[in-house]
Each structure stands twice: as structure tokens, then as C-alpha cells.
Amino acid sequence: MLRVPIAPAPGGNAPAGIHARAAYLIEGNGTERWSKDADTRRPMASITKVMTAMVVIRSGDLNRTITIKRKYLTYGARHGATVAGLRPGDRFTARQLLYALLLPSGADAAYALADSYGPGWRGFVGKMNTTAHTLGMGHTTYDNFDGLPWPTAFADSTTPRDLARLAQYAMKSPTFRSVAGKAAYTLPKSGRHRRYRWTNTNRLLGVYRGTRGIKTGFTNAAGYCLLFSATRGRRTLYGVALGNVSSANRFTDAAHMLDWGFNAKTPSALRLADVPVTD
């Protein structure tokens with residue numbers, strides 16, 4: 001595979017103060033800006049849900065009705081996963097479930113979508129791996145639909161370089177971009193479901209100027225992870241930070257990488273409370 005040479009930013013050869021075990025920064029035009037262990041495979045945790053969303057979006061029929069089954073909820077409880085708080089019997093469109101999937105990182109929503117679009121979750125995971133292969137993500141394997149540590153602690157493995165490729169692909173989709181860029185989303189009560197309000201776990205939104213998305217993740221094996229993107233002027237940057245020891249560090253890492261990439265004169269000072277350790 002032909003790789004574009006890394007182009008250092010005018011402010012130095014590398015961003016300072018990066019805590020992630022592996023990281024990567026790329027321009028929207030494909031120019032690599034900076035990397036740290038970009039080709040080392042690591043678990044990606046809930047960043048897996050980016051591919052889950054893209055398989056659904058690629059399949060279409062986003063207005064199909066999906067009824068929530070109790071097994072989707074017991075699955076999340078069994079694994080100690082972050083959930084969207086869905087209730088058995090509630091009916092949603094697939095489009096609505098994308099918000100439940102990507103904003104609060106709902107494992108219950110992930111299971112519902114995979115079960116519906118598979119058919120069955122095993123068939124769905126097969127589609128995830130086929131899509132990864134099509135995108136040239138040669139060092140990525142999906143074992144499940146949400147990034148939880150099963151069947152092994154290191155399930156759903158990838159590299160920062162592969163994830164940057166996925167981010168570029170996903171953010172080309174207006175549907176994905178619209179959902180992942182929402183800081184919060186409210187679904188009013190109806191005859192099909194109760195009222196829901198989902199808040200995005202991506203704390204960069206509304207804090208770091210130009211942030212467009214895209215997804216957080218956490219497991220004990222993966223550490224705190226972040227796949228992110230920001231646009232300033234005509235330039236868009238995509239970045240990855242994997243294996244942080246704290247939630248706040250992944251966001252400050254992203255801010256430092258973006259500031260360096262944009263050659264910002266004044267580094268961004270982020271005040272970010274830790275998000276729950278489950279994602």
C-alpha cells in the first residue's frame with residue numbers, strides 16, 4: 001500500500017504532551033501528519049460502533065421498525081455495558097436507533113440493529129468484516145457488534161491507521177455525520193416509545209472549536225479511546241488516540257494533536273470531567 005509521507009507541522013515535528021499508547025493524525029486529503037505505533041493492533045472498544053452504524057447505513061431502509069426485545073437489555077446488563085436505556089416493546093426506526101447507538105454508546109441499541117440487519121448478530125458481524133476488507137482495513141477484525149470484551153478481552157482489534165481510514169469513510173455519510181455530530185438528542189414520547197434523551201460521550205463537541213465527531217470507547221483492555229475529527233476553514237483533520245489511562249487524557253490528547261495539526265497559535269485549554277469508565 002502506498003503511503004503519503006508524513007508532513008510535519010510548522011510548529012514542530014510532533015505534538016507535545018500525548019499520553020495515548022498509540023495515536024495517529026491525518027489530513028482530510030490523506031496526508032499523514034503524525035503517528036505513534038500507528039500499525040500496532042489494539043482493541044478499539046466502543047469505536048467498534050462506528051462500523052456498526054456504517055453497515056446499517058450502507059444497508060439502507062433506515063425507516064424500518066425495530067421492536068426492542070428483552071434479550072437486548074439483559075445482554076447489556078450481563079456485560080456491564082453502557083446502554084441507551086431502551087425498554088422492551090418500544091418500537092423505533094433504525095434511524096432513531098443510530099442516535100441511541102452513537103451518542104450514549106448503547107450496547108442495547110447495537111444488539112437491536114445487528115439482530116435486525118444481520119439477519120442475526122453473527123451475520124451482521126460478517127458484514128462488518130467484509131466492509132472493513134473493502135475499505136482496505138487490513139489489520140482490523142470484528143468479533144462482535146459493539147466492542148465489548150467478548151469472546152476475549154482483546155475482541156475487535158484494529159490499528160490507528162485503519163481507524164483513521166474508517167473515520168474518513170464514515171464522515172462522508174451525511175447520515176452518520178449528522179448523528180455523530182449531535183451533542184445530545186431528544187426523542188419525544190409517542191405511541192411507539194417513551195421519551196428518550198441521549199447525551200454524546202464525546203466531550204470535544206461544543207468544547208473544541210470545529211469538532212465534527214466521532215466516537216469514544218473504553219474497556220479495561222483497550223483503555224480510554226477516541227476517534228475524532230475537526231474542521232477549521234478548508235482543512236479537516238482526523239485523529240485517533242488509543243490506550244489512555246484516563247478519560248480526560250483522551251480528550252486533551254485530541255486537543256493537543258488538533259492544535260498542532262492546525263498550527264494553532266494558542267493551545268486549547270480543555271476543562272473536561274471524566275466520563276463514566278464504562279465507555
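Is Ser-105 buried or exposed? Ser-105 counts as buried, at 0% relative accessibility. The legends below describe close-up views of a predicted model.

**View 1. The positions annotated as "active site" in the predicted model.** An unreviewed UniProt entry assigns this feature to Ser-46, Lys-49 and Ser-105. These residues are spread over 60 residues of sequence, yet they cluster in space, with a largest C-alpha distance of 7.7 Å.

**View 2. Surroundings of Lys-49 in helix H1.** Helix H1 spans residues 48-59 and includes Lys-49. Lys-49 has a relative accessible area of 2% and is therefore buried, the cut-off being under 20%. Apart from neighbours within four places in sequence, the residues in contact with Lys-49 include Thr-82, Leu-101, Leu-102, Phe-145 and Asp-146. Lys-215 and Asp-279 are also among the contacts of Lys-49.

**View 3. Surroundings of Ser-105 in the loop between helices H3 and H4.** Helix H3 covers 94-102 and helix H4 covers 107-117, with Ser-105 in the loop between them. When residues up to four places away in sequence are not counted, Ser-105 touches Ser-46, Lys-49, Thr-82, Ala-100, Lys-215 and Asp-279.

**View 4. Polar contacts of the Lys-49 side chain.** The side chain of Lys-49 forms a polar contact of 2.8 Å with the side chain of Ser-46. A polar contact of 3.0 Å links the side chains of Lys-49 and Ser-105. Both serines belong, with Lys-49, to the positions that the UniProt record lists as "active site".

Notes: Residues numbered from 1 in each chain as written. Predicted model: local features only at pLDDT ≥ 70, side-chain atom pairs only at ≥ 80, totals over all residues. Heavy atoms only, no water. UniProt positions renumbered as here; feature names shortened; annotations may be inferred. Helix = DSSP H or I, 4+ residues; strand = E, 2+ residues; numbered from the N terminus. Buried < 20%, exposed > 50% of the residue type's maximum accessible area, 1.4 Å probe, protein only. Contact = heavy atoms within 4.5 Å. Polar contact = N/O pair within 3.5 Å; in protein donor to acceptor, adjacent residues only side chain to side chain.
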